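The exercises below ask you to work from the coordinates to a description of the fold, with each task followed by a worked solution. Try each task on the structure before reading on.

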Amino acid sequence: MFNLIPLSYEGEFIEITTLFRVLFPILTLVFVVGLFFLVPTKSKKATKITKITIASFLIIMYLIKIIFNVLRAYLINAENHNVERYLKLAFGLDIPSIMIILSCVVLFISAFSNKEFKFVEFLNYSLLGVGLPSAFISLFSANIISLNDNYYHILNIISMLFNTALIFIPLYLLKTKDIKINMLNFWYAIAGYICALSICMTLSLVIREGNFSEMTYSQTLASIGIRVNFPWHLLIIIPIFLIISFVITYILSKIFKKYSYSYSNENFQAKDSQLKKNDFFDLYAFATKTVCCMQGFLILFILAAIIRNPYGSLWGVFCLIPLIMTLFCLFATFEMEKQALINDENIFNKDNKIAKKIITYVFLGNFIFGFSFMGQIKNERESIVERKQREEKRKNRMLNNK
């Protein structure tokens, strides 16, 4: 998250840099915990104002970052022919920046709407399982920059504020019960990570700017003496990040046990009050989640291995394929879970529009899986017809016996 020049790069001020690395994470976490207890959540009005204030503050900081980099490009670096680099950095579309944008979207939606949206739940888990771990890791990898370069200090402060916000916002949404932790929904965080990586990988390969989420070169691994060429370092970064994300989410689920328990209880009672859940869509919803989580990283890694132009290449746009497939897997899962609770056999009718919509989503999510799903839909429809025919014959026999 921090795009800084280490103060100790040439052996200067090593003690200050070390002190900063030790104190900064501690002070940030203490500050976040203090905010967590101080920010009110008792009234809806106070919560709404708080969400709007935080989102507005983030937007202002993001705009300042853009304006500052643009001005720096044209007013300061024009003579050094370094304009293009700073224009790339202006929007800073790495994973933390994407999470900041999503934070603003989530805060505004939850402030102005009382309805529960599945897609907002996905965004919430992305903030919890992607944004928070990213910010937490960056706490321990930040460096002070040269004391002689005052321009960097402005971006430095903004980065620190963003970092604090990404840790605080998911915790605040947990406190307001906008996020209700259920470890069964951790797959949302994995899907969110795939989407964020797809965007960053695309930008990294098209624009060829190393700032994009360490996709083309891992500074973190290099700092600890591990130099793995692109894209093989992804085999190390992705599993480690997911493990850290899972551990943080699990710990938070234990801390916020009363919230997650009440949520699970409500879910159980809601499902129990329904008719018997449709096993077909329940099973295929789980299968679609599995496909969603596995294929995204696999395809992204294959594409990264093929597209390796160090000067930038439009072929990098193909890295958006996992993003599109993941989103359609999400849409398919949402519809399947809804139909599993409705449990209406008419969904299997040949010309059912909802079934066609689900099949379309599945095909766009993974066309191979789509053929299997369509075949099973047909088998289910035929078995329903056969069952009805057997029931009809049994009724006729009973009437004849009378």
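**Exercise 1.** Determine which residues Phe-122 touches, leaving out residues up to four places away in sequence, and decide whether Phe-122 is buried or exposed.

*Solution.* In this predicted model, begin by placing the residue: Phe-122 is found in helix α5. A search for heavy atoms within 4.5 Å then returns Tyr-188, Ala-191, Gly-192, Cys-195, Leu-330 and Phe-334 as the residues that Phe-122 touches, not counting residues up to four places away in sequence. For the second part, the relative accessible area of Phe-122 is 4%, and since buried means under 20%, Phe-122 is buried. As a further check on distance in space against distance in sequence, Phe-122 and Trp-187 are 65 residues apart along the chain, while their C-alpha atoms are 9.1 Å apart.

**Exercise 2.** Describe how helix α5 packs against helix α12, giving the angle and the distance between their axes, and identify the residues that make the contact.

*Solution.* First take the geometry: helix α5, residues 118-138, and helix α12, residues 321-342, pack at an angle of about 125 degrees, and their axes are 11 Å apart. That angle makes α5 oblique to α12, because it falls outside the ranges for roughly parallel (under 35 degrees), roughly antiparallel (over 145) and roughly perpendicular (65 to 115). Next take the handedness, which is that of a right-handed crossing as α5 passes α12. On the side of α5 the contact is made by Lys-118, Phe-119 and Phe-122, and on the side of α12 by Leu-327, Leu-330, Phe-331, Phe-334 and Glu-337. Sorted by type, the residues of this contact comprise six nonpolar, no polar and two charged.

**Exercise 3.** Find which residues touch the most other members of the largest nonpolar core, and which helix gives the most to this core.

*Solution.* The largest nonpolar core has 76 residues, and within it Tyr-193 and Leu-252 touch the most other members. Helix α7, residues 186-207, gives the most to this core, with 14 residues. Turning to Tyr-193 itself, its contacts, not counting residues up to four places away in sequence, are Ile-95, Val-130, Ile-237, Ile-238, Phe-241, Leu-242 and Phe-297. A second, separate core of 18 residues also exists, and it includes Phe-280, Tyr-284, Ile-347 and Ala-355.

**Exercise 4.** Locate Lys-177 and Asn-343, and state what phi is for Lys-177 and for Asn-343.

*Solution.* It helps to recall that most residues other than glycine have a negative phi. Lys-177, in the loop between α6 (150-175) and α7, has a positive phi of about 65 degrees although it is not a glycine. Asn-343, in the loop between α12 and α13 (353-365), is likewise a residue other than glycine with a positive phi, here near 55 degrees. Lys-177 is partly exposed, with a relative accessible area of 41%, and Asn-343 is also partly exposed, with a value of 24%.

**Exercise 5.** State how many helices and strands the protein has, and what percentage of its residues count as buried.

*Solution.* Counting the elements gives 14 helices and zero strands. Of the 402 residues of the protein, 46% count as buried. Finally, among contacts with a separation of 6 or more, residues 24 or more positions apart account for 81%.

Key:
Residues are numbered from 1 along each chain as its sequence is written. This is a predicted model: local features need pLDDT of at least 70, side-chain atom pairs count only at pLDDT 80 or more; totals for chains, interfaces and linings use all residues. Side-chain values use heavy atoms; hydrogens and water are left out. Axes are lines fitted to C-alpha atoms, for helices over the stretch in contact, and angles run from 0 to 180 degrees between N-to-C directions. Helices (H or I, at least four residues) and strands (E, at least two) are DSSP runs, numbered from the N terminus. A crossing is left-handed if the near helix is turned anticlockwise from the far one by less than a right angle, and right-handed if clockwise. Ala, Val, Leu, Ile, Met, Phe, Trp, Tyr, Cys and Pro count as nonpolar, Asp, Glu, Lys and Arg as charged, and the others, Gly among them, as polar. A nonpolar core is a set of buried Ala, Val, Leu, Ile, Met, Phe, Trp, Tyr and Cys residues joined through side-chain atoms within 4.5 Å. Buried means under 20% relative accessible area, exposed over 50%, partly exposed in between (1.4 Å probe, protein chains only).
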